[in-house]
Amino acid sequence: QKEAARAGFIKMARDHDYGSTGLWTRLNCLNSPWALNDVIEIVSNVGNKVDVIMLPKVEGPWDIHYLDQLLAQLE
């Protein structure tokens, strides 16, 4: 159901204009088998609409650094 939830978020983000309301999403944790595809698919498809990406279960600053670098590559 993880892939279906990701696809649903992307569809919702594409289909609606949220105006001044911020659009947030929560990824799966980085050590899950879904995290990398979460980031790549969401940013590639609707990254211009997403205001906040929440990263759960952060284990240290290296997790933030990794996500920061990945986002920079995708942007």
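## Briefing: two polar contacts at Asn-28 and the fold around them

A polar contact of 3.0 Å links the side chain of Asn-28 to that of Lys-2. This is a predicted model, and Asn-28 sits in its loop between strand 1 and helix 2. The protein as a whole has three helices and two strands, laid out along the sequence as α-β-α-β-α. Here's a quick tour, starting with that loop residue and then moving out to the overall shape and the two end helices.

**Around Asn-28**

- Besides the Lys-2 contact, the Asn-28 side chain makes a polar contact of 2.8 Å with the side chain of Asp-38.
- Is Asn-28 buried or exposed? Its relative accessibility is 12%, under the 20% cut-off, so Asn-28 counts as buried.
- Leaving out residues up to four places away in sequence, Asn-28 touches Lys-2, Trp-34, Ala-35, Asp-38, Leu-55 and Pro-56.
- Lys-2 belongs to helix 1, which covers residues 2-15, while Asp-38 falls in helix 2 (35-46).

**Overall shape**

- The radius of gyration comes out at 12 Å, close to the 11 Å that the globule rule gives for 75 residues, so the protein is as compact as a globular protein of that length.
- Measured out along its principal axes, the C-alpha trace spans about 35 × 25 × 20 Å.
- Buried residues make up 32% of the 75 in the protein.
- The accessible surface is about 5200 Å², and carbon and sulfur atoms account for 53% of that.
- Take the contacts between residues at least 6 apart in sequence: 72% of them join residues at least 24 apart.

**Gly-22 and Lys-49**

- Gly-22 lies in the loop between helix 1 and strand 1.
- With 40% relative accessibility, Gly-22 falls between the 20% and 50% cut-offs, so it counts as partly exposed.
- Lys-49 is 27 residues away from Gly-22 in sequence, yet their C-alpha atoms are 8.5 Å apart in space.

**Helix 1**

- Helix 1 runs over residues 2-15, and its 14 residues reach 20 Å from first C-alpha to last, close to the 20 Å expected at 1.5 Å a residue.
- Which residues of helix 1 are buried? They are Arg-6, Phe-9, Ile-10 and Ala-13.
- Looking down the axis of helix 1, those buried residues fall within an arc of 95 degrees, so they line one face of the helix.
- Cover for that buried set includes strand 1 (24-26) and helix 2.
- Turned away from the buried side of helix 1 is a face carrying the exposed residues Ala-4 and Lys-11.

**Helix 3**

- Helix 3 takes in residues 61-74; it has 14 residues and reaches 20 Å between its first and last C-alpha, close to the 20 Å expected at 1.5 Å a residue.
- Asp-63, Leu-67, Leu-70 and Leu-71 are buried in helix 3.
- Seen down the axis of helix 3, its buried residues fall within an arc of 100 degrees, so they too line one face of their helix.
- What covers the buried residues of helix 3? Helix 2 and strand 2 (52-54) are included in that cover.
- The face of helix 3 turned away from its buried side carries Pro-61, Trp-62 and Gln-73, which are exposed.
- Helix 2 thus turns up in both places, among what covers the buried residues of helix 1 and among what covers those of helix 3.

Key. Residues are numbered from 1 along each chain as its sequence is written. This is a predicted model: local features need pLDDT of at least 70, side-chain atom pairs count only at pLDDT 80 or more; totals for chains, interfaces and linings use all residues. Side-chain values use heavy atoms; hydrogens and water are left out. Helices (H or I, at least four residues) and strands (E, at least two) are DSSP runs, numbered from the N terminus. The expected span of a helix is 1.5 Å times one less than its number of residues. Buried means under 20% relative accessible area, exposed over 50%, partly exposed in between (1.4 Å probe, protein chains only). The arc is that of the directions from the helix axis to the C-beta atoms. Contact means heavy atoms within 4.5 Å. The radius of gyration is taken over C-alpha atoms; the globule rule is 2.2 Å times the number of residues to the power 0.38. Accessible areas come from the Shrake-Rupley method with a 1.4 Å probe; for residues, only the protein chains shown count as cover. A polar contact is a pair of N or O atoms within 3.5 Å; within protein, one must be able to donate a hydrogen and the other to accept it, and residues adjacent in sequence count only if both atoms are side-chain atoms.
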